[in-house]
Structure formats: C-alpha cells, structure tokens
Amino acid sequence: MKRFLTFQKKKLLVLVLIFLSLLGVLTGRLVWLMIFQSEFYGQRAEDLHERERSIKAARGEILDRNGVVLASSQSVCTISVIHAQIEDEEAVIDMLSRELDLSEDTVRARVEKVSSIERIRTNVSKETGDAILAYDLAGVKVDVDYKRWYPYDELLSRVLGFTGSDNQGILGLEVLYDDYLAGTPGKILTLTDASGIEVEAAGERRQEPVDGDNLVTSLDYNIQCYVQQAAETVMEEKQAEAVSIILMDPQNGEILAMANVPEYNLNDPFTLNTETSGSLTEEEEQELLNQMWRNPSVSDTYEPGSIFKIITTAAALEEDLVSLDESFYCPGYKLVEDRRIRCHKVAGHGSETFTEAIMNSCNPVFIELGLRLGADTFYDYFEQFGLLEKTGVDLPGEAASIMHARDAIGQVELATISFGQSFQITPIQLITTVSSLINGGTRVTPHFGLRVEDENGEIVETFSWDTTEDLVDDETSETLQFLLEKVVSEGTGINGAVEGYSVGGKTATSQTLPRSENKYISSFLAFAPADDPQVIGLVVIYDPQGTYYGGTIAAPVMQEIFEDVLPYMGIAQTEALSEPDSEEAAE
C-alpha cells in the first residue's frame, strides 16, 4: 500500500509539473504577444478594418525641345460605391445612372454587389464628379484621378504611343520613359467596423501621390507639322499605302520630326484609322490595331534601293578603288555570271565618269564597284558602318537589318547589294548610317530623349548617347558631300533642289516582294547645307499609284519640307541654284 501511495504521489507531481510547464509556456507566449508584438498585431487588426482607395499620380508631360506640350494629364474623377455604407440604394442607382449616362441595370448590378468597394466608372469629367458630390449620398465615393491627354490628336501618334487605364505607358516614348513619367500613386485609407461601415471618428489617412517628371524631347512641333502635312499631301495625291518621313540632326542624332501616315488618334487609340469591310473577329481587329500602332520607320524593313549607293561609294573610296574622273561605260546592263542585271535606263548611259555615274544613279557602275570590293571586304564595311546592328533608337520594337550571311554572298548577291537590293534595312538605320558618312565619320545614336525635368523645370537627368568615331576619314566624307550635291544640283535628285541652298541627296526606287505584285517604294534622302550638314531627311513613299520614281515624286516632298524648315532653323543661304528641270529626274 505504501508503494502504491508513493507511486501516486509521483504521478501527481509529474502532472503538476507538466501543467505548470504548459502554463509557463502559455504565459510567456501571452506576454510576448501582448507586450513585444502588440504593435504588429494591432496593425494587423487595423489593416483588417482599413479600406484602401488608390490615388493616381499625375503623369509627367512630354515636351518638344521648345517646351510645347505633346502629352499631358487632365484631372478626371473615379466614381465608386461602398455597399455597406449605402443608405438608399434606389436613390444612388437613380442618381448614378442619370449623371453617368449608364443604364439602370448596369448601375444596379454594381451597387447591389456586396464588396468592399465597387468601381462604377473611371475618367469622369471633373464637372460631373462635382455634381455627384453635391448629392451627398452615403456610400458614393468620388476620387480625383488623371487621364492622359494628347492636345494634337494624331500628331506623332506612332512616336509618342499612349497609356492604359492604369496610367502606365503601352507604346512609344510613353512606355520607354515610363519610369520617369509615371510617378508614384498615393492612397486614401479609411477605418471601418466589422460590418464595413466607416468609423467617423477615425477619419481618413492619405498617402499623397508623387507626380511624374517631364520628358523633354528633341522633337520640334513646328517642324513636325511641316513634315506631317507634306506626308499627308503626297499620300493623298499618289494614293499611296503609307508615307514615312524622318528629319534628324546628322551631327548628334537628335530626331527633329518623324511622321508615319496614316497616323491614328492618340485620344482614341482603339478605334481603327481605316475603313474595314464586313465584321471582324476579335483576333482580326487586334491584328489591325497592332499594324496601326506599329512605327514603320523603326520596326519595318525594306529594300533601300539606290540610296544604298552612298554606302557602296563610301566603301570604295575608303579602299581607294575608284576616282571621281574614272571612266565607265553603261550599255544598259551588266552581265554577272549567268545574270543580265539591267540599269534603270534601259538604253544605257554610255560613257560616263564616276561623278556622272552617281548623278545618273547608274546600276552597272555600282555593280562594278561591288565586285571590286569583294564580298569579304564589303561585309567588313557593313560591320564597320553599323549596318548589322540596331541603331539603339529610344523607341520600342526596333527591327534589325536582314542581310545575307557573309559566306552566302556570291557574285550575283554582291552585285545586287551594291545598288541596294536583295537585303532589307529600316528607314532609321538608313538615315543614321548615311549621317555617319557625311558628318565626318561619326556614328551617332538616333534619339528623342534629351533630359528629364521636374515640375519646376529643374533638370533631374540629362541623357547621353553613344557615338563611334572614324567610320570613314574626312576626305571620304567631304567627297561624298560633293558627289551628293551634284546629284541634287544636276542629277536624278534635281527635283529636291532648294533655291538659295546647297543640298546633297540621293534618289531611290525599289520594288517590294513578291516582285510579281509590281508594287514600288519611292524614296529620297537629302541633307543641307551640303558642305556642312545640319539637317538630314528621308522620305519613303510605299506603293504610290501612277509614276513611282523617287526623283519624280519623293524628291519634291523633301524640297517642300526644306523650303519651310531651313529658314525656320536659321540655316544661312548659299548661292542660288538654277531652276530644277523635272524632265531630267528619274530614279
């Protein structure tokens, strides 16, 4: 019996010890939670009863180089309801459907939905938002918001891009510089009880938004207007599929204007800018929208045609393979292996010097230069001139050149490449490469972004852009300036001459694939002054109807632009040029 009692005492002692241990653990845990973690769990409890409404930051403006606003933010309102706080559902439904011009069924479905907060409509005008506030109906919230606004609708649509409903950039400069423009959203925090009713005594806590900074670009609003008007005019006159025009400073790569017509309305970017026949599936409509938003100057490649003869000339001059007074003979074609490759002048140019050959845009002469260079050497110059890499322009979606592989260039391919066929590059690549050859040999990076400023105009960041020097020597660059001035003053580019100014340039007419469709691309590249280039431009006309020679229809477009832009830029006149004779211009 004694042993039994001793055993029972031990069991009781063990149970007491276990109980005391558990009590100690629980007490310690309680002390830890109530004293050391009280702030954390208090915040958690508050969060469970706190309702959050976001406040959008005002997106920074996009400005041209002179401060003209190209994109800005307008104050609008977001209208929401909080179901648990509504006292008179019918009054709220009636008021919102009337003020927001929505069907009663639509509003009712959202008002009766049991949720912490239900958005009724965004981008509501400030006047309408104030009118809704004046009703002072419980459960209706009106928050100040912002929407992107483009004051010039279609101007620069494929450059600027647009934003989504969340105020983030989707395309163009809007998305590339989004980190600077977007700003930081704020919050409105309100405390509610367990049933979702706001605790009036608690009030609201606000985290103010931080507005975005402004982007200052290299664009010039006035120059852009000249360029866009010229593009729209020639597109209508020639019933062309599209027209792209770029104007740039060849010395530093600053893009002054870029038009790609037809443009689209930036304030209504999801409406197609062309008529469509019949109903479209969702996939078909999205494909058409993607095409509408696409920037062909940057994202589309094409055969550059005879403008590429500038690159062939530069390589041949660098290799000392041709002199300006060297004699050639053009019978209207050149035999390369088993291929007869014709000149644009079927009867041939006959005897001509190299200077005359580039003025005449004679294919056989440039085929000869390509063959003299050879595939390996020519390919080395493609690499040296940057043709096989993207330009690095500050727009999304830049396409790379489509060039033959080095070991796939035979004699025929070499011949066609020499005058700008059988490969493809983008317009921005072409104008950038030619800039480097006529500016003294410095490869520049084409760009729009100059700097970022805050709302007070203080500089936040100034952008710098890569350059590569010594692509060609000074003598080659000066020779190209001389030859290309001759093309405009006396050759195929004569319709691009501007009275009182020396202009250099090159015409081109190329055919799109498949050749059987007989569609052409007419283009003209020009720069001024010829001996000190301060502006360079490229006009590309896609599938013009009727006459399609670059010298006939593209050169006059650049002439018209330069007549406006050169005086506007303050570029001094040189000696007057003779009146252009349109009959001499062909390619």
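**Close-up 1. Contacts of D543 in the predicted model.** Leaving aside residues up to four places away in sequence, D543 touches Q239, A240, E241, K519 and Y520. D543 sits in a loop. That loop runs between β19 (535-542) and α19 (550-568).

**Close-up 2. D543, buried without a salt bridge.** D543 is buried. The nearest side chain of opposite charge belongs to K519. The separation is 4.3 Å. A salt bridge requires a side-chain nitrogen of Lys or Arg within 4 Å of a carboxyl oxygen of Asp or Glu, so the 4.3 Å to K519 does not qualify. K519 is nevertheless among the residues that D543 touches.

**Close-up 3. The largest cavity and its lining.** The structure holds one cavity of 30 Å³ or more. About 30 Å³ of space lies in the largest cavity. Its lining consists of L70, Y150, Y152, D153, L155, L160 and L266. Six of these lining residues are nonpolar and one is charged. None is polar.

**Close-up 4. Y152, a lining residue in a loop.** Y152 is found between β5 (140-149) and α6 (157-160). Its relative accessible area is 33%, so Y152 counts as partly exposed. Y152 also helps line the largest cavity. Beyond residues up to four places away in sequence, Y152 touches V68, V69, L70 and Y221. One of these, L70, is likewise a lining residue of the largest cavity.

**Close-up 5. Y152 and L266 across the chain.** Y152 and L266 are 114 residues apart along the chain. Their C-alpha atoms are separated by 8.5 Å. Both residues line the largest cavity.

Key:
Residues are numbered from 1 along each chain as its sequence is written. This is a predicted model: local features need pLDDT of at least 70, side-chain atom pairs count only at pLDDT 80 or more; totals for chains, interfaces and linings use all residues. Side-chain values use heavy atoms; hydrogens and water are left out. On a 1 Å grid over the protein atoms alone, a cavity is a set of points where a 1.4 Å probe fits but cannot get out, and a pocket is an open set with protein on both sides within 12 Å along at least five of seven lines; lining residues have an atom within 4 Å of a point. Grid points are joined across faces, edges and corners, and a volume is the space filled by probe spheres set on the points. Ala, Val, Leu, Ile, Met, Phe, Trp, Tyr, Cys and Pro count as nonpolar, Asp, Glu, Lys and Arg as charged, and the others, Gly among them, as polar. Helices (H or I, at least four residues) and strands (E, at least two) are DSSP runs, numbered from the N terminus. Buried means under 20% relative accessible area, exposed over 50%, partly exposed in between (1.4 Å probe, protein chains only). Lys and Arg count as positive and Asp and Glu as negative; His and the chain ends are not counted. Contact means heavy atoms within 4.5 Å.
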